[in-house]
Amino acid sequence: MPWFRNLIHLPIATACKRSPSYKAVFPAASPPPPSLTQILLFSTQAASPTAAESGARRRTGGGVGQAGLGPTKGDEKPRVVVLGTGWAGCRLMKGIDTSIYDIVCVSPRNHMVFTPLLASTCVGTLEFRSVAEPIGRIQSAISREPNSYFFLANCSGIDFNNHVINCQTVTDGVETLDPWRFSIAYDKLVVAAGAKALTFGIKGVEEHAIFLREVHHAQEIRRKLLLNLMLSDVPGVSEEEKRRLLHCVVVGGGPTGVEFSGELSDFIKRDVHQRYAHVKDYIHVTLIEANEILSSFDDRLRTYATKQLTKSGVRLVRGVVKDVLAEKIILSDGTEVPYGLLVWSTGVGPSSFVESLNIPKVRGRIGIDEWLRAPSVEDVFAIGDCSGFLETTGKPVLPALAQVAERQGKYLATLLNRVGKAGGGKASAAKDINLGDQFVYRHLGSMATIGRYKALVDLRQSKEGKGVSIAGFTSWFIWRSAYLTRVISWRNRFYVAINWLTTFVFGRDISRI
């Protein structure tokens, strides 16, 4: 089609002749229309930055000096910066009035994990996407509002005096990219950075054990479990090595450890015995706890859980781990326990980021007052596992539970909305504003599944208090119903319900993907 080629050549030739870069490539006075190769060469020379320019942009984030978001102007909405996408941070963002505030979220993950159902994903009862909720679905303003953003990054430091946080992008797994550094000015800062798994300084835990706090942890557990099942079936593997490969050890007798042990024993009874008949007599589960399992539950429920777990094939060991090696753990009494899969679930402690902040702490957590503020600095709040009430409040440090974090996030969203409506949304503008009622936490109870269609429900408000505590199939039905309604979106509720149904009818998915 000659007319179409002429239509392209004429505008390009005219534009290129006027460009100094073109003259360097085509020195002839009256050159013919450029070929496609010449056009690409010209575009590359004119548009591509030099290596030095690329390096400078990478180090500074693409601008002059430290790039980022500067202080909000007078005609702009106040900016709330949220660090973290856990239960506390996501519940806060969900409740923030976006007609009052712009929201900027900084976190190394772009989704929230519904942690009570995370153990079910390790053995194929649920799919991984069923327990992950994208941040854009929790607070749609982050996706559509011009001054609201989500940044996949870690906060590397906070300048409390100037209301600025410093960040560094997360580029793990991308070897060709160096992290970008940028800063964000805030009017209100909410630290909801969560906590990290406790290892008690035991050597070898971080190198050889798998935690159960993130989706990628569950994926690693599932791949390791299925790999060991298949390796143990290979000809030539000794009896001793088979028993080691198929020995799953769980350290920590809290709700997470007990629920994972129950799910794993269910998986062995219902799926492994049918699909891996050659090695079904070698696989077993050991749960190690220094004290009593489920120590926060009623005594009667603990006894029931112990009997049911033992009945389902879980071996309960009371002991303290002294050392963790590549293929075995050593207890304090010298007992050696070989393993093929080691899952570590012994509670949480303060993260290195929280420890680095130069503000008052309580048991390693950020100290807060009755309104969840960090009183030593202005316009800073802390919620979730990274915060704890100061001794001057007369309140105890709350446990690191999802319901505590969710209630704090909901309360703080209401408080910030009230402050914003009263004209105190901007930095240093809320000094004389009444914050309203203090935060009060009331425990709604605890639940845990122990496998084989059985669970525990403890509705007491405290360990010493009185209340309803039930166990068995009825509790299992309550547990499933409660968590199905607590899943954040209708999309994920549908996913969870369908996963449960397909697992019941067809069994668990044992594909190693």
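These are my notebook entries on one chain, taken from a predicted model.

**Entry 1: the whole chain**

I began with the overall tally. I found 17 helices and 26 strands in the chain. Of its 513 residues, 49% are buried. I then looked at contacts between residues at least 6 apart in sequence, and 66% of these join residues at least 24 apart. The accessible surface came to about 25700 Å², with 54% of that belonging to carbon and sulfur atoms.

**Entry 2: helix H16**

I picked helix H16, residues 473-486, and checked its length. With 14 residues at 1.5 Å a residue, H16 should span 20 Å, and its end C-alpha atoms are indeed 20 Å apart, so expectation and model agree.

Which residues of H16 are buried? I listed Ser-475, Trp-476, Trp-479, Arg-480 and Tyr-483. They cover an arc of only 135° around the axis, so they sit on the same side of H16. A reminder to myself: an α-helix has 3.6 residues a turn, so residues three or four places apart point the same way.

On the face turned away from that buried side, I noted the exposed residues Thr-474, Phe-477 and Thr-485. Next I asked what covers the buried residues of H16. The cover includes two helices, H12 (255-275) and H17 (490-506). It also includes the strands E24 (446-451), E25 (454-458) and E26 (469-472).

**Entry 3: the loops beside E25**

Since E25 had come up, I looked at the loops on either side of it. Tyr-453 is in the loop between E24 and E25. Tyr-453 has a positive phi of about 60°, although it is not a glycine. Its relative accessible area is 31%, so I put Tyr-453 down as partly exposed.

Gly-465 lies in the loop between E25 and E26. Gly-465 is also partly exposed, with a relative accessible area of 25%. I checked the distance from Gly-465 to Asp-298: they are 167 residues apart in sequence, but 9.8 Å apart in space, C-alpha to C-alpha.

**Entry 4: another positive phi**

Phe-200 caught my eye next, as a residue with a positive phi of about 60° that is not a glycine. I placed Phe-200 in the loop between strand E10 (196-197) and helix H9 (205-208). Is Phe-200 buried or exposed? It is exposed, with a relative accessible area of 57%.

**Entry 5: Thr-98**

I found Thr-98 in the loop between helix H5 (87-95) and strand E3 (102-107). The relative accessibility of Thr-98 is 17%, and the cut-off for buried is under 20%, so Thr-98 counts as buried. What does Thr-98 touch, leaving aside neighbours within four places in sequence? I got Lys-77, Ile-103, Gln-139 and Ala-141.

**Entry 6: cysteines**

I searched for disulfides and found zero. Cys-105 is in no disulfide, and its nearest cysteine sulfur, that of Cys-90, is 6.8 Å away. Cys-105 is buried, with a relative accessible area of 0%.

Why is Cys-167 not bonded to Cys-155? Their sulfurs are 5.1 Å apart, which is too far for a bond, because a disulfide here needs the sulfur atoms within 2.5 Å. Cys-155 holds the closest cysteine sulfur to that of Cys-167. Cys-167 is buried too, with a relative accessible area of 2%.

**Entry 7: a small open sheet**

I traced an open sheet of three strands in the order E20-E21-E23, with mixed pairing. Strands E20 (361-362) and E23 (387-389) stand at the edges with a single partner strand each, so one side of each has no neighbour in the sheet. E20 pairs with E21 (residues 365-368) in the antiparallel sense, over two bridges. Lys-361 is opposite Ile-366 in E21.

**Entry 8: two hairpins along E15, E16 and E17**

I closed with strands E15 (residues 321-324) and E16 (residues 328-331), which are antiparallel and share three bridges. Asp-323 faces Ile-330 in E16. The hairpin that joins E15 to E16 passes through three residues.

E16 also runs antiparallel to strand E17 (residues 336-338), again through three bridges. Here I noted Lys-328 with its bridge partner Pro-338 in E17. The hairpin of E16 and E17 has four residues between the strands, and in it Gly-334 takes a positive phi near 95°.

How values were computed:
Residues numbered from 1 in each chain as written. Predicted model: local features only at pLDDT ≥ 70, side-chain atom pairs only at ≥ 80, totals over all residues. Heavy atoms only, no water. Buried < 20%, exposed > 50% of the residue type's maximum accessible area, 1.4 Å probe, protein only. Contact = heavy atoms within 4.5 Å. Areas by Shrake-Rupley, 256 points an atom, 1.4 Å probe, with all protein chains shown as cover. Expected span 1.5 Å × (residues − 1). Arc of directions from axis to C-beta. Pairing = 2+ DSSP bridges.
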